[in-house]
Amino acid sequence: MMLGGYANHLAHIDLTNSTVTYSPIPEGYTRKYLGGRGMGVKFVFDNGPKVEALSPDNLLCFMNGPVTGSPVNMSGRLAVVTKSPLTGTITDSHMGGFSAARLRWAGFDGLLVKGRAANPVYLVAENGQVTINDASGLWGLGVRATVKALREKYGKDASVMAIGPAGERLVHFAAWLNEDDRASGRGGTGAVGGAKNLKAIVVIGDRKNTPKPADERKAEFEAAQKAGLKLIMEGGLTAPNKGGLSVYGTNVLTNILNEAGAFPSFNGRISHFEQGYEISGEAFKEHLVVKEPVCHACPVHCKKELEVKEGRWKVRTESMEYETAWGLGAMCGLADREPLAYMLDQCNDYGLDTIEMGVTLAMAMEASELKLTDEVVNWGDAEKMSELIRTTAYREGLGDILALGAYYAAVKLGNPDIAMSVKGQAIPAYDPRGVQGIGLGYATSNRGGCHVRGYTIASEIAGIPFATDRTVTEGKAELLKIFQDLFAFTDSMDVCKFATFSEGAAEFAAQTAALTGIPFTPEEAMKVGERIYNLERYYNNLNGFTGKDDTLPKRFLTEPATHNSEGMLSQLHVMLPEYYALRGWVDGVVTEAKLKELELI
Amino acid sequence: MLIKLFANLRAFAKDGRVEVALPPGATVRDALAHLFALTPALQEHVIDPATGELLPFVQVMLKGRLVRDLQGLDTPVGENKEMAIFPPVAGG
């Protein structure tokens, strides 16, 4: 049966031999892995879990899902899936904007890149064909200059994803960014591009190729799309131009987490930032926000473009996210908005993950205090931070150590306990002492410290789909598993996380089923999510990851939180056994019975 | 008691802050009544007129605890000198 939604067209790019071949999606993969994250994980798994992340043999996948680029709202996402040089786990990192939609309109479900080019190259994807082109004139440029040069050549409707100097130099948390500053930030996928001598991907796609359902499902699809849109437009958390996310962006969270005493500050030594308001979404909106850009098919407009009009930190950039303001701000003890905007821009142009960069700088500040560094790095020293961001990207001096990310840099400096990381990846902006469920989420994430594998904050703070008490452990294992499985499905559609603030498995399954023709029920959608989550875990198990790695930085287990979460510690030891029991795992390892149940072996 | 307002609710008071004087034994509901007496236009953004309870996803926090996780609007204010009110917020 011809499936709707999919292009049923994959490009296999071998950079070592400068060849491109094409194939349809392998039989059965759509039903079992859907697309996006799930199908990318399957391809990376099939490539062999033992591969070295920065070797030519690693597979770098740019994956669309079946609803990407369609009228389904918030469907402007693509997943970059590979083995992470930062963690050694499998990883996927998603980018918004219009690159994903254009890739689908250009006729692709995915670009699968392997090998290593003899000289720098970039790809052009258009009309179902990929060409490999000389990028020697682009190598060394920042993301912005790369995007500019390639859009001058291919037109302003071309989308460009690029790495910057950080990716070229194999910084372990280097990112891919596009013309809208949307980033596949986490896990170091940009370094995998750098290791392949792959500088950029140009995508030229015409909107007239928007994916459509089969004629007999047209009415069903329109109804499913409209039902989802209605929920987004009327949803308390997503409604455009009302209240939080749409008006202030993701950084509207700073004040509520800070008020809860669950906002790690000064490298997590305390859990409240006295000057938190100064770096909140409210303050940025009042002082620096100049524009509210969008992603494909999104009415929410959560992106916030900033401008510092003059002075030392003069810059125009987007988007000041909650995580960025926290990582470079509260974690480092910096409450000055203008240098924060400037440093965000540095990270975007060098091609660096702002979460990892912020947490790594915070680690360096504590290391400096402990006399573990030759260079002095004081808390909140914006000039020094900006210099270290540059030297990290270019791997000079202390920056060459920081380029390993917070955890492995701390190991090298002699004290891994000062890295607020899980499985080698920095945690994001929620204190696992003050919000119990998210701590379990960090510990059990298959890609290292991460909030978007299972965003229990939705329940523990915002109260969706139902409210739970952030301070208790009861029910958190079950809550997390539901979120992890649901997100594995939505990441494979591929839609934005924020769609889940107003829509659930029923809506996502209905949209996917109507577009593709695969009769997903909500239960089957959750089963696909569970299968993907287990396949990722199995991949990690085959790389030696077990229950010993499902843990948190010692600080969150032994040093009590402060302020309005005073005295709290993560009760991970209570939640983890419950979680493993629900997953059917033994000490963090997927059992053969579970693999068989999920049709993975 | 100092009541702190956030996001779009800040516009209802100077710097988003309102001082209210509460009698001993006051609850969160009492604190909100005092607040709305000073800022009447705020009420419709916080309270559902049909139920008299908080609107969906509006959060009131007392010493870092969401009152929905305590006794809701009947939570005693006790010795707390500050309360925070948030409109629906989410992100990440």
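In this predicted model, the contact between the two chains draws on 20 residues of chain B and 32 residues of chain A. On the side of chain B that touches chain A, the elements giving two or more residues are β3 (59-62) and β5 (82-86) of chain B. Sorted by character, the residues on this side of chain B comprise 11 nonpolar, five polar and four charged.

Chain A can be explored domain by domain. Its domain assignment lists domain 1 (10-209), domain 2 (249-406) and domain 3 (436-597). The centres of domain 1 and domain 3 of chain A, taken over C-alpha atoms, are separated by 26 Å. Where these two meet, 41 residues of domain 1 of chain A are in contact with 29 residues of domain 3 of chain A. Domain 1 of chain A contributes two or more residues to this contact from each of α1 (29-33), α2, β4 and β5 of chain A. Of the elements on this side, α2(A) gives the most, with seven residues. The side of domain 1 that touches domain 3 in chain A is made up of 15 nonpolar, 18 polar and eight charged residues.

Next come the sheets, beginning with a short reminder. Strands of a sheet pair through backbone hydrogen bonds, either parallel or antiparallel. One open sheet of chain A has six strands in the order β2-β1-β6-β3-β4-β5, and its pairing is mixed. Strands β2 (19-23) and β5 (90-95) of chain A stand at the edges; each has a single partner strand, so one side of each lacks a neighbour in the sheet. On average, and with direction ignored, neighbouring strands of this sheet are turned by 15° against each other. Helix α2 (residues 36-46) of chain A packs on the sheet, where it touches β3 (60-63), β4 (78-83), β5 and β6 (110-114) of chain A. The direction of α2(A) makes about 25° with that of β4(A). Within the sheet, β1 (residues 10-14) of chain A pairs with β2(A) in the antiparallel sense over five bridges, and A:Ile13 stands opposite A:Val20 of β2(A).

A second arrangement in chain A is an open sheet of six strands with mixed pairing, in the order β8-β7-β12-β9-β10-β11. Its edges are formed by β8 (129-134) and β11 (183-184) of chain A, each with a single partner strand, so one side of each is left without a neighbour in the sheet. Strands β9 (residues 159-162) and β10 (residues 176-178) of chain A run antiparallel and are joined by two bridges; the bridge partner of A:Met161 is A:Asn178 in β10(A). Helix α4 (residues 143-154) of chain A lies across β7 (121-126), β9, β10 and β12 (198-204) of chain A, and runs at about 145° to β9(A).

What lies inside? In soluble globular proteins, nonpolar side chains tend to be buried together. The largest nonpolar core here has 230 residues, and those touching the most other members include A:Leu111, A:Ala200 and A:Met363. Beyond its neighbours within four places in sequence, A:Ala200 is in contact with several residues, among them A:Tyr122, A:Leu138, A:Val160 and A:Met161.

A closing example is A:Met233, found in helix α7 (residues 218-234) of chain A. Is A:Met233 buried or partly exposed? A:Met233 counts as partly exposed because 15 C-beta neighbours lie inside 10 Å. Setting aside residues up to four places away in sequence, A:Met233 touches A:Ala239, A:Pro240 and A:Pro299. A:Pro299 is 66 residues away from A:Met233 along the chain, yet their C-alpha atoms are separated by 7.6 Å.

Key. Residues numbered from 1 in each chain as written. Chains lettered and ligands numbered in written order. Predicted model: local features only at pLDDT ≥ 70, side-chain atom pairs only at ≥ 80, totals over all residues. Contact = placed C-beta atoms within 7 Å. Helix = DSSP H or I, 4+ residues; strand = E, 2+ residues; numbered from the N terminus. Nonpolar A, V, L, I, M, F, W, Y, C, P; charged D, E, K, R; others polar. Pairing = 2+ DSSP bridges. Axes fitted to C-alpha atoms, helices over the stretch in contact; angles between N-to-C directions. Core = buried A, V, L, I, M, F, W, Y, C linked by C-beta atoms within 7 Å. Buried ≥ 20, exposed ≤ 12 C-beta atoms within 10 Å, placed from the backbone. Domains from an automatic or database assignment.
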